[in-house]
Each structure stands twice: as C-alpha cells, then as structure tokens.
Amino acid sequence: MPAKERYVVDENGSRTAVLPDLDYYEKLIEALEELESIRIYDEAKATDVEAVSFMEAVKEIESNR
C-alpha cells in the first residue's frame, strides 16, 4: 500500500509532479527493474538464436582475445 504522496503544484494550483515516500519509490524501482528483466528474457526466448551457457560464453570470449 503506497504511503501518502506529496504533490508539486504550479502557480495555478495544477499538479505537476508527485513525490512518493522513499520506501515506496525504491519498491517501484525494484519492480520496474524486474519487469525489464522479464521483458528482455521474453525477447530472447522469442528469437531463434541458440542459447549457450555462461561458461561457454566466457570460453568463447577468452579464445577470441
């Protein structure tokens, strides 16, 4: 449950920005990062590129140096 937000208003009293509390903001950032990881994973799974293990990738990178 989000805490009470604070708003920034312009000279006409219209809201122009919101200031969430720090804990809620950090949770939002964590959720966005997780969603971005899921999006990247889904994009990778949708391609026809063959996946390789991390160790195989390291070996390939090292051999090309």
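A salt bridge is assigned where a side-chain nitrogen of Lys or Arg lies within 4 Å of a carboxyl oxygen of Asp or Glu. In the predicted model examined here, the side chains of Glu43 and Arg39 satisfy this criterion, with an N to O distance of 2.4 Å. Both residues belong to helix H1, where a spacing of four residues places Glu43 and Arg39 about one turn of the helix apart.

Arg39 also takes part in a salt bridge with Glu36, in which the closest N and O atoms are separated by 2.5 Å. Arg39 and Glu36 are three residues apart in helix H1 (residues 22-45), and therefore about one helical turn separates them. Through these contacts, Glu36, Arg39 and Glu43 are joined in a network of salt bridges. The members of the network are partly exposed: the relative accessible area of Glu36 is 37%, Arg39 has a relative accessibility of 37%, and Glu43 reaches 46%.

In total, three salt bridges are present in the structure. Apart from the pairs in helix H1, a salt bridge is formed by the side chains of Arg65 and Glu62, with an N to O distance of 3.7 Å. The two partners fall into separate accessibility classes, because exposure requires a relative accessible area over 50%: Arg65 is exposed at 76%, whereas Glu62, at 45%, counts as partly exposed. In general terms, side chains of opposite charge can pair when their charged atoms come close.

With regard to aromatic residues, zero aromatic pairs are found in the structure. A contact between a charge and a ring is nevertheless present, as Arg15 lies over the face of Tyr7 at 3.7 Å from the ring centre. Tyr7 additionally contributes to a nonpolar patch on the surface, together with Val9 and Val18. The accessible area of this patch amounts to about 260 Å² for the three residues together. Val9 is located in strand S1, which spans residues 6-9. With a relative accessible area of 46%, Val9 is partly exposed; this value exceeds the 30% cut-off applied to patch members, so Val9 meets the accessibility condition for inclusion.

Concerning model confidence, the protein chain has an average pLDDT of 90, and 95% of the residues score at least 70. In the protein chain, the highest confidence is found in strand S2 (residues 15-19), at 96. The lowest is found in helix H2 (residues 54-63), where the mean is 92.

Notes. Residues numbered from 1 in each chain as written. Predicted model: local features only at pLDDT ≥ 70, side-chain atom pairs only at ≥ 80, totals over all residues. Heavy atoms only, no water. Patch = residues over 30% accessible without salt bridge, like charges linked within 9 Å, V, L, I, M, F, W, Y side chains within 5 Å. Areas by Shrake-Rupley, 256 points an atom, 1.4 Å probe, with all protein chains shown as cover. Helix = DSSP H or I, 4+ residues; strand = E, 2+ residues; numbered from the N terminus. Buried < 20%, exposed > 50% of the residue type's maximum accessible area, 1.4 Å probe, protein only. pLDDT = per-residue confidence, 0-100. Phe/Tyr/Trp six-rings, centres within 6.5 Å; stacked < 30°, edge-to-face > 60°. Lys NZ or Arg CZ within 6 Å of the ring centre and 35° of its normal.
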